[in-house]
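Biologist: Show me the model, please. I will ask how each label is earned.

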Amino acid sequence: NLSISVCHFNHCLRGAESDKDEKFVEDLCNKKKIPFYVKKFDISKASAYLKKGVEETSRLFRRKFLKKIQEETKSKKILLAHHSNDQVETFFMRLLRGSSLKGLQSMKIDEGLYLRPLLHVSKSEITEFLVSENIQWVEDETNTWDRYTRNDIRKNLIPILEKFNPNLNSTISNTIKLIGKQNSYIESHIETIEPSLIKEVSEHEFVILIDSLLALSEFEAEEVLFKFLSKKIGPRGFIGYKNINSIIKLINSSSASGELFLTGNIKVEKGYNFLFIKTKISADTNFNLNISSEGKWENEDLEIKVQKDNFENRNEYIFFDLSKMKFPINVRNFQDGDRMKLKGMKSSKKLQDIFIDNKIPRFIRARLPIFESEGGIFHIHGINVNSPLRLKKHQENSIGISVKSENLDKLIRNINC
């Protein structure tokens, strides 16, 4: 009970001959009473405009057309006509280009929306069937043009290899199946590693403990990063092993800090023993709260409670000596040149040095709320610094400060500030 529609994409590469092919498919569909959809598009012009190869450009616009018809017809699958000879050609194209095991697996029969039901059938088997059923067909003349890599491999490389192995198609097909099984095992193994290694801070922010990543084999570490980033960047983007190697190089660098952009939207930062990955670049949250009295104060993701008594949960609060400070309390981001006086020290110390002493990564420093009273910093949220105003517990003349920020709290927990 399948409902099938046929789509034909006219690349306009051969003028009248391309139009004849289109007419042949249309007439066949009319004869068989199959719904027919066609798209006529000048691929040569598009290729020149996009500065991409004809093959790559063709695939891009074919997929757009097929997806559009699939949505209009509410079809569950898009069936592609690739056969085993196409698969072997793809294998050699990728092998010569220098591909990973994932690439050498070439095309899959079932790839989500796309299905290739003929992938295990050879071209000769298809033509034999057509002849036996007295079904006419046409062949695309461009399949004989040597200027396309695939055609060159089909016409010139494969015949040479078949002299050494007449069953080349079958041999390579079996090799691809074996690679597919290996890839499935690797993917299952990586899926068991990823959740414990990559900690989510927010929808677009993630933290990795570098020591845990380096405890894996080099292959496992690369695969975990590749799988994670490929999933986050989605089908419209591209992450290659060159990008993964750049991350590994950053991790292994002697510098405590560093950063790199994989794409315009993916940033990777190293901070001591942590890797911070942002899959959507956005400005850091700036806050500047002027707390003039007890109560609850909010700024975007930040919630601050200031109370002298009547605490719902005293464990949420840090207590300070109110006799040595007064309202208003200003809460802001870290700024270059900030200094803080620590208990037992005569002079103040740069916050920059405090961060370094406590191995606080650069990627979190500007996000930690800084508390100051009468122009002097007395507290940095998220860091256990020896403030002269801080008390061990609630006292008669003390004030409690509670800070909550869902994303920031997750980040602090994951880097163990």
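Biologist: Which residues is M93 in contact with, leaving aside its neighbours within four places in sequence?
Modeller: M93 is in contact with T149, R150 and I153. Contact means heavy atoms within 4.5 Å, so each of these three has passed that test against M93. This is a predicted model, in which local features need pLDDT of at least 70 and side-chain atom pairs count only at pLDDT 80 or more, while totals for chains, interfaces and linings use all residues. Residues are numbered from 1 along each chain as its sequence is written, and side-chain values use heavy atoms, with hydrogens and water left out.

Biologist: Where is M93 placed?
Modeller: M93 is in helix 4. A helix here is a DSSP run of H or I with at least four residues; a strand is a run of E with at least two; both are numbered from the N terminus. The C-alpha atoms of M93 and Q70 are separated by 29 Å, with their positions 23 residues apart along the chain.

Biologist: How do you know that the span of helix 4 agrees with its 14 residues?
Modeller: The expected span is 1.5 Å times one less than the number of residues. For helix 4 (residues 84-97) that gives 20 Å, and its end C-alpha atoms are 20 Å apart, so the two agree. After helix 4 comes G98, with a positive phi near 90°.

Biologist: Which residues of helix 4 are buried, and what covers them?
Modeller: Among them are S84, D86, V88 and F92. Buried means under 20% relative accessible area, exposed over 50%, and partly exposed in between (1.4 Å probe, protein chains only). The cover includes helix 5 (101-104), helix 7 (149-164) and helix 8 (168-197).

Biologist: Why is S387 called buried?
Modeller: Its relative accessible area is 2%. The limit is under 20%, so S387 is buried. S387 lies in the loop between strand 19 (376-380) and strand 20.

Biologist: What does the side chain of S387 reach?
Modeller: The side chain of S387 reaches the backbone oxygen of F378 at 2.7 Å. A polar contact is a pair of N or O atoms within 3.5 Å; within protein, one must be able to donate a hydrogen and the other to accept it, and residues adjacent in sequence count only if both atoms are side-chain atoms. At 2.7 Å the pair is inside the limit, so the label fits. Beyond four places in sequence, S387 is in contact with M340, K343 and F378.

Biologist: Why is K74 called exposed?
Modeller: K74 has a relative accessible area of 71%. Exposed means over 50%, so K74 qualifies. K74 sits in the loop between helix 3 (54-73) and strand 3.

Biologist: What makes the phi of K74 worth a remark?
Modeller: Phi of K74 is positive, about 55°, although K74 is not a glycine. Most residues other than glycine have a negative phi, and most peptide bonds are trans. S106 has a positive phi too, near 60°. S106 is buried, with a relative accessible area of 6%. The peptide bond from F327 to P328 is cis, with omega near 0°.

Biologist: How do you know that strand 3 and strand 5 pair?
Modeller: Two strands pair if DSSP finds at least two bridges between them. Two bridges join strand 3 to strand 5 (residues 114-115), so they pair; they run parallel. I78 has Y114 as its bridge partner. The sheet is open, with three strands in the order 3-5-4 and mixed pairing. Strand 3 (78-79) and strand 4 (110-111) stand at its edges because each has a single partner strand.

Biologist: How do strand 14 and strand 21 pair?
Modeller: Strand 14 (residues 318-321) and strand 21 (residues 398-404) are antiparallel, over four bridges. D321 stands opposite S398. Strand 14 is also joined to strand 20 (residues 390-391) by two bridges, again antiparallel.

Biologist: What makes a nonpolar core?
Modeller: A nonpolar core is a set of buried Ala, Val, Leu, Ile, Met, Phe, Trp, Tyr and Cys residues joined through side-chain atoms within 4.5 Å. The largest has 27 residues; I208, L229 and I247 are among those with the most contacts inside it. Helix 10 (218-233) is one of the elements that supply at least two residues. Helix 10 gives the most, with six residues. A second, separate core has 23 residues, including L342 and I380.
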